[in-house]
Amino acid sequence: MRPGLPILRRPNNPPVMTQTPARWRIASARTMYDNPWIRVREYEALAPTGAPARYGLVEMKNLSTGVLPVESDGTTYLVGQDRFAFGRYSWELPEGGGPKEDDPKAAAARELAEETGFQAASWLTLMEDVHLSNSVTDERAFAFLAWGLSPIVGVDKDAVEDLALRRLPFGEALRMAADGEISDVFSLVMLFKTNHLLQSGALPSDVADALKRGL
């Protein structure tokens, strides 16, 4: 173990599930709204407690993918754009989506090319099949660390995206995340997970050495 790292201890008596958990039961469902990206469904259901409930669910038609790209000097890239849902400008790691039947890494590589103009020689999975907002959506997300970057040409841009690209040290991106300057939860998780892997010595040596240069 590295000096200065916290010791993570498991509880001596972890909680044990003593019975099969109750599940939601669906009585009926109807589609309230549908477009190429999402479907909004309303369900009449019985909650695990047995109480009747009406539940609204946003079904996502694509997987969500994100990439933390790393240059050899320890810099990374943030993408800036005006986000419709909150009516505010947001700095984020390269993110997007792809069809559920596609390889998530291939979808992430497309997003990296479209939003930054780079391709990567090396990839590491940071997270797979995580759920970003599991109370109201069924969105599934996959995240990757990418390095060995090189420019790629002939990439088509999304017609509705007006993106800014910012290159900055990895440590500066971490500071922005810790100070609330980055509010996108997917970006936050990618940044903090990468830093955790770096500090615990769990990354390949070449990308670890690059990230340390950016701290």
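Which residue in strand 6 is the bridge partner of Arg83? In this predicted model, the partner turns out to be Arg88. That bridge is a handy way into the sheet around it. Strand 5, which covers residues 75-83, pairs with strand 6 in the antiparallel sense, and 5 bridges hold the pairing. Taken as a whole, the sheet is open and has 3 strands, running in the order 6-5-10 with antiparallel pairing. Strand 6 (88-92) and strand 10 (164-169) sit at the edges, so to speak, each pairing on one side only. From one strand to the next, the twist averages 30 degrees. Helix 2 packs on this sheet and touches strand 5, strand 6 and strand 10. The direction of helix 2 makes about 105 degrees with that of strand 10.

Next comes the nonpolar interior. In general, nonpolar side chains tend to be buried together in soluble globular proteins. Here the largest nonpolar core has 28 residues, and Val70, Leu145, Leu191 and Leu203 are those with the most contacts inside it. Two or more residues apiece come from strand 4 (62-70), strand 8 (118-130), strand 9 (141-151), helix 2 (170-178), helix 3 (185-199) and helix 4 (205-213). Helix 3 is the top contributor, giving 6 residues to this core. Leu191 shows what the packing looks like up close: setting aside neighbours within four places in sequence, Leu191 is in contact with Leu68, Leu93, Phe170, Ala173, Leu174, Ala177 and Ile182. Apart from this core lies another one of 11 residues, including Ala108, Phe118, Ala120 and Phe142.

Helix 1 (residues 104-116) is a nice place to check some simple arithmetic. With 13 residues at 1.5 Å a residue, helix 1 should span 18 Å, and the end C-alpha atoms are indeed 18 Å apart, so the two values agree. The buried residues of helix 1 are Pro104, Ala107, Ala108, Glu111, Leu112, Ala113, Glu115 and Thr116. Their cover includes strand 4, strand 5, strand 7 (95-99), strand 8, strand 9 and strand 10. Right after helix 1 comes Gly117, with a positive phi near 80 degrees.

Backbone angles also bring up a residue in strand 8. Most residues other than glycine have a negative phi. Asp129, however, has a positive phi of about 55 degrees although it is not a glycine. Asp129 lies in strand 8 and is partly exposed, at a relative accessible area of 35%.

Finally, there are the aromatic rings. The count comes to 4 aromatic pairs. Trp24 and Tyr55 form one of them: the ring centres are 5.2 Å apart and the planes stand at 85 degrees, which is over the 60-degree cut-off, so the pair is edge-to-face. The two partners come from distant parts of the chain, 31 residues apart, with Trp24 in the segment before strand 1 (25-34) and Tyr55 in strand 3 (residues 52-60). Trp24 is partly exposed, with a relative accessible area of 43%, and Tyr55 also counts as partly exposed, at 28%. Tyr77 and Phe118 make a tilted pair, at 5.1 Å centre to centre and with 35 degrees between the planes. This pair, too, links distant parts of the chain: Tyr77 belongs to strand 5 and Phe118 to strand 8, 41 residues apart. Both Tyr77 and Phe118 are buried, and Phe118 has already turned up in the core of 11 residues.

Methods:
Residues numbered from 1 in each chain as written. Predicted model: local features only at pLDDT ≥ 70, side-chain atom pairs only at ≥ 80, totals over all residues. Heavy atoms only, no water. Core = buried A, V, L, I, M, F, W, Y, C linked by side-chain atoms within 4.5 Å. Buried < 20%, exposed > 50% of the residue type's maximum accessible area, 1.4 Å probe, protein only. Helix = DSSP H or I, 4+ residues; strand = E, 2+ residues; numbered from the N terminus. Contact = heavy atoms within 4.5 Å. Pairing = 2+ DSSP bridges. Axes fitted to C-alpha atoms, helices over the stretch in contact; angles between N-to-C directions. Expected span 1.5 Å × (residues − 1). Phe/Tyr/Trp six-rings, centres within 6.5 Å; stacked < 30°, edge-to-face > 60°.
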